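Grab a viewer and something to scribble on. Here are a few exercises to work through, with solutions right below each one.

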Amino acid sequence: MARIGLLTGGGDCPGLNAVIRAVVRKGINVHGHELVGYRYGWAGVLAGESMVLDQRSTSGILHRGGTILGTSRTNPFKAGGPGTPGVRATLERDGIDALIPIGGEDTLGVAKRLADEGVPVVGVPKTIDNDLAGTDFTFGFQTAVQIATDAIDRLHTTAESHNRVIVVEVMGRHAGWIAAYSGIAGGADVVLVPERPFDVSEVCERIQRRHRNGRTFSIVVVAEGAVARDGAVSGTGAGAGEVATDAFGHARLGGIALELEREIERRTGFESRMTILGHVQRGGTPLAYDRVLGTRFGVAAVDAVTGGTYGVMTALRGTEIVLAPLDEALAAPKLLDPALFETAEVFFG
Ligand code: F6P
């Protein structure tokens with residue numbers, strides 16, 4: 001029997017509650033552990049703010065979006081922050097034997113530093129962006145892709161009715177997974193991703209060529225982290241002054257679609273409109289796929305703690321759930337598979 005701490009950090013993501021529920025159910029019913037949930041990511045660990053996780057508190061949460069624990073982008077290793085001693089103080093006070101942090105590159109980056117300093121940690125990878133290495137997919141991604149695809153389907157009919165160019169901005173800070181998947185599924189005419197800096201005049205040329213061939217509307221899907229080759233268009237709002245960053249130093253993205261809308265309309269003369277999907281992609285009910293993946297990750301994480309395997313995270317490889325070293329997952333972001341982008345490109349204007 002062990003006392004295990006659980007936390008969800010970083011941006012929320014559909015499927016987090018499925019992981020929490022799975023850790024708790026298997027942890028209590030099969031292994032006889034006790035579970036403590038820290039509130040709001042690392043903030044709750046540092047402040048010692050927790051809640052009991054048991055059958056009752058995790059009942060009825062499987063289909064719910066968000067996280068019952070709350071989340072934040074608090075970084076214990078921020079300059080002047082409490083670091084490992086701050087985390088250890090709470091774990092010792094609460095009698096915690098091991099920690100299961102559920103999060104993306106930042107939360108797992110903290111987990112890795114703690115693991116390197118001897119804190120028993122098993123991570124669970126989470127991000128709608130699907131940009132964590134070491135795992136084929138993260139939960140939340142499929143739900144985000146479906147939300148984006150549904151939106152593109154709806155924008156398609158209005159673009160068609162008005163003979164407009166519609167620019168749809170989706171999430172994806174370092175990687176264009178959501179853009180490529182939803183672009184392929186939604187039949188986008190142009191997909192712009194962070195991995196491939198683009199040329200605004202080439203985008204306009206594609207749209208013009210399409211219109212010369214008789215089409216009267218176009219759909220452009222752009223990832224928030226995409227940038228123009230000449231830097232003329234980007235989603236950091238850099239032109240508007242200082243770029244806002246979070247506790248992990250990431251720029252707050254959003255707005256490239258607005259710049260593109262203006263440029264496309266100015267250069268082509270085609271009436272253009274943009275839609276930024278933003279956090280709607282992270283909210284609400286997870287798809288069955290993400291509930292199942294989250295459940296499998298949760299079960300594997302609590303099994304790893306029970307077996308005393310630390311410094312790892314759960315991962316999907318093919319159809320199997322495995323344990324991958326945190327080092328491997330955090331070495332570099334998992335960028336878009338070029339073959340996938342080339343498939344999307346087949347259908348560009
Ligand atoms: O969690 C990943 C992500 O959704 C990115 O796609 C996006 O850039 C970022 O989080 C937004 O973060 P926030 O919720 O802090 O606005």
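**Exercise 1.** Work out how many bridges join strand β6 to strand β8, and in which sense the two strands run.

*Solution.* Start by picking out residues 165–170 for β6 and residues 218–223 for β8. Keep in mind that you're looking at a predicted model. The two strands run parallel, and 6 bridges hold them together. For a handy landmark, go to Glu169: across from it, in β8, is Val222.

**Exercise 2.** Put that pair into its sheet: find the strand order, the edges and the twist.

*Solution.* First, the order: β7-β8-β6-β9, an open sheet of 4 strands with parallel pairing. Next, the edges: β7 (190–192) and β9 (272–276) each pair on one side only. Last, the twist: going from one strand to the next, it averages 15°.

**Exercise 3.** Now take the sheet of 7 strands. Which strands stand at its edges, and why is one side of each left without a neighbour?

*Solution.* Write down the order to begin with: β3-β2-β1-β4-β5-β10-β11, an open sheet with mixed pairing. The ends of that order are β3 (50–53) and β11 (320–325); each has a single partner strand, so one side of each lacks a neighbour in the sheet. Neighbouring strands here are turned by 30° against each other on average, if you ignore direction.

Then zoom in on one pairing within this sheet. β5 (residues 122–125) and β10 (residues 312–317) pair in the parallel sense, over 2 bridges. Gly123 has Met313 of β10 opposite it.

**Exercise 4.** Describe the surroundings of the ligand, from its pocket down to single polar contacts.

*Solution.* Begin with the space: the ligand takes up the largest pocket. Then list the residues around the ligand: Arg73, Ile128, Asp129, Met171, Gly172, Arg173, Glu224, His279 and Arg282.

Now check the distances from ligand oxygen atoms to polar side-chain atoms:

- Arg73 comes in at 2.8 Å.
- Asp129 has a side-chain N or O atom at 2.8 Å.
- His279 sits at 2.9 Å.

Finish with the coverage: on its own the ligand has 400 Å² of accessible area, and the protein covers 80% of that.

How values were computed: Residues are numbered from 1 along each chain as its sequence is written. This is a predicted model: local features need pLDDT of at least 70, side-chain atom pairs count only at pLDDT 80 or more; totals for chains, interfaces and linings use all residues. Side-chain values use heavy atoms; hydrogens and water are left out. Two strands pair if DSSP finds at least two bridges between them. Axes are lines fitted to C-alpha atoms, for helices over the stretch in contact, and angles run from 0 to 180 degrees between N-to-C directions. A residue is near a molecule or strand if one of its heavy atoms lies within 4 Å of it. A polar contact is a pair of N or O atoms within 3.5 Å; within protein, one must be able to donate a hydrogen and the other to accept it, and residues adjacent in sequence count only if both atoms are side-chain atoms. Accessible areas come from the Shrake-Rupley method with a 1.4 Å probe; for residues, only the protein chains shown count as cover. On a 1 Å grid over the protein atoms alone, a cavity is a set of points where a 1.4 Å probe fits but cannot get out, and a pocket is an open set with protein on both sides within 12 Å along at least five of seven lines; lining residues have an atom within 4 Å of a point. A molecule sits in a cavity or pocket if more than half of its atoms lie within 2 Å of its grid points.
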